[in-house]
Structures are given as structure tokens and as C-alpha cells.
Amino acid sequence: MSGSGANLPAEDSTGRAREPTDLAADSEPSADERRDRLRAAAYQAEYATGRRERTATEAKRNIIVRLVLIAVGGVVFLAGLAMLVFPGPGILVSLVGLGILAREFAWADHLMKTLREKSHVDDVGKLPISVQVALGLVSMAAVAASTIWLIWLR
């Protein structure tokens, strides 16, 4: 190649001219280029789902909604795990968190189904109505008693 060939596209090992995008892959992309590539990839992935979005604005909104759902589901699930050790309804809160995460992740759906089977949560609705009412009344009485006790301690 002569010195005047500097403006010609480079060739790969097969002798064909390389595309400008191939040339850009040789150098380290800047932070803005990486961000633009990630944004474009996220939009393409959102379009590939084939639901809800028709424009880039709708795709961007759906991406944000998904990220918020994942964040909220993760926080609720972690709070449920913490409640397994600390006081609180750990299994139920974990199920709620997994239910939120299951909208986006298959592993969360599988784990939620397994946890539901192990915890027998679905069996609560199979109790006789008298037992359900009695449990509800006992729960309300416990909440009322603890509230009265807290007021009395002040």
C-alpha cells in the first residue's frame, strides 16, 4: 500500500474491506459510545419482546418500569429473607418479592412455586370458615392488646 491509501478502508485477513464498525471495534470505545451501545441494545431487546411498545419513548418507559420492578422485587425479597431471622412474616414477604421478580425472571417464578409448595400457603384457604374467622379474631385481639400495652407504657 502506498502512503496515499491512508483514507481507504482497512482489509481483514480475507482481503475484503472492513466496515467502519469493524474498525471501531479495534479501539477502546469511549464511555459515551458504550452508553449509546447499551441503550441501543436495551431498546432492541425491548422491541424483541413484541409487546406494548411501538416507539422508542415507549420502549424507554418500559425499560425503566422493568428496572423499578426488579429493584422493588429485590428489596421486598431481601426484606422477607431478613424476616426469616428477625420478627415478621418472612415466608409471606419473600413470596411477595418473588412474585414481583417472577414477572421478569423465570428463576424467581420457579423458586416462588417451590417456596409455596414447601410453606403450604395455599392450604390456608382450605381451612373451615370457623377456623379462619377464629384466627382473624385472635390476630386482631393480639394487635389491639399490644397497642393498648404500648399506650399504657407511655
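Colleague: Which residues form a nonpolar patch on the surface, and what is their accessible area together?

Modeller: This is a predicted model. In it, L78, L81, L84, V85, F86 and I91 form the patch. Together they have about 620 Å² of accessible area. Helix α3 gives the most to the patch, with 4 residues.

Colleague: What makes L84 exposed?

Modeller: Its relative accessible area is 52%. Exposed means over 50%. The value passes the cut-off, so L84 counts as exposed. L84 lies in helix α3.

Colleague: Why are R66 and E104 called a salt bridge?

Modeller: Their side chains meet at 3.4 Å, N to O. The definition asks for a side-chain nitrogen of Lys or Arg within 4 Å of a carboxyl oxygen of Asp or Glu. The distance of 3.4 Å fits, so the pair of R66 and E104 is a salt bridge.

Colleague: What does the pair of R66 and E104 tie together?

Modeller: R66 lies in helix α3, residues 56–85. E104 lies in the loop between α4 (90–101) and α5 (106–119). The pair therefore ties together parts that are 38 residues apart in sequence.

Colleague: How do you know whether R66 is buried or exposed?

Modeller: R66 has 17% relative accessibility. Buried means under 20%, so R66 counts as buried.

Colleague: And what is E104 called, on its relative accessible area?

Modeller: E104 has 23%. Partly exposed covers what lies between under 20% and over 50%, so E104 is partly exposed.

Colleague: How many salt bridges does a search of the whole structure find?

Modeller: The search finds 2. One of them joins the side chains of D109 and K113, at 3.4 Å, N to O. The cut-off is 4 Å, so this pair qualifies as well.

Colleague: What separates D109 and K113 in helix α5?

Modeller: They are 4 residues apart, so about one helical turn separates them. An α-helix has 3.6 residues a turn, so residues three or four places apart point the same way.

Colleague: Why do D109 and K113 count as partly exposed?

Modeller: D109 has 25% relative accessibility. K113 has 48%. Neither value is under 20% or over 50%, so D109 and K113 are partly exposed.

Colleague: Which residues make up the largest nonpolar core?

Modeller: The core holds F77, L95, L98, L101, A102, A108 and M112, 7 residues in all. The elements that give two or more residues to this core are α4 and α5. Helix α4 gives the most, with 3 residues.

Colleague: What does L101 touch, leaving out residues up to four places away in sequence?

Modeller: L101 touches I70, G73, G74, F77, W107 and A108. L101 is also one of the buried residues of α4. The others are G90, V93, S94, L95, G97 and L98.

Colleague: How do you know that the reach of α4 is close to the expected value?

Modeller: Helix α4 has 12 residues. The expected span is 1.5 Å times one less than the number of residues. For α4 the expected span is 16 Å, and from first C-alpha to last the helix reaches 16 Å. The span is therefore close to what is expected.

Colleague: How many helices and strands does the protein have?

Modeller: The protein has 6 helices and 0 strands. Along the sequence the pattern reads α-α-α-α-α-α.

Colleague: What share of the residues counts as buried?

Modeller: Of the 154 residues, 16% count as buried. The accessible surface comes to about 11800 Å², and 66% of that belongs to carbon and sulfur atoms.

Note on methods. Residues are numbered from 1 along each chain as its sequence is written. This is a predicted model: local features need pLDDT of at least 70, side-chain atom pairs count only at pLDDT 80 or more; totals for chains, interfaces and linings use all residues. Side-chain values use heavy atoms; hydrogens and water are left out. Buried means under 20% relative accessible area, exposed over 50%, partly exposed in between (1.4 Å probe, protein chains only). Accessible areas come from the Shrake-Rupley method with a 1.4 Å probe; for residues, only the protein chains shown count as cover. A nonpolar core is a set of buried Ala, Val, Leu, Ile, Met, Phe, Trp, Tyr and Cys residues joined through side-chain atoms within 4.5 Å. Contact means heavy atoms within 4.5 Å. Patches are made of residues with over 30% relative accessible area and no salt bridge: like charges are joined within 9 Å, nonpolar side chains (Val, Leu, Ile, Met, Phe, Trp, Tyr) within 5 Å.
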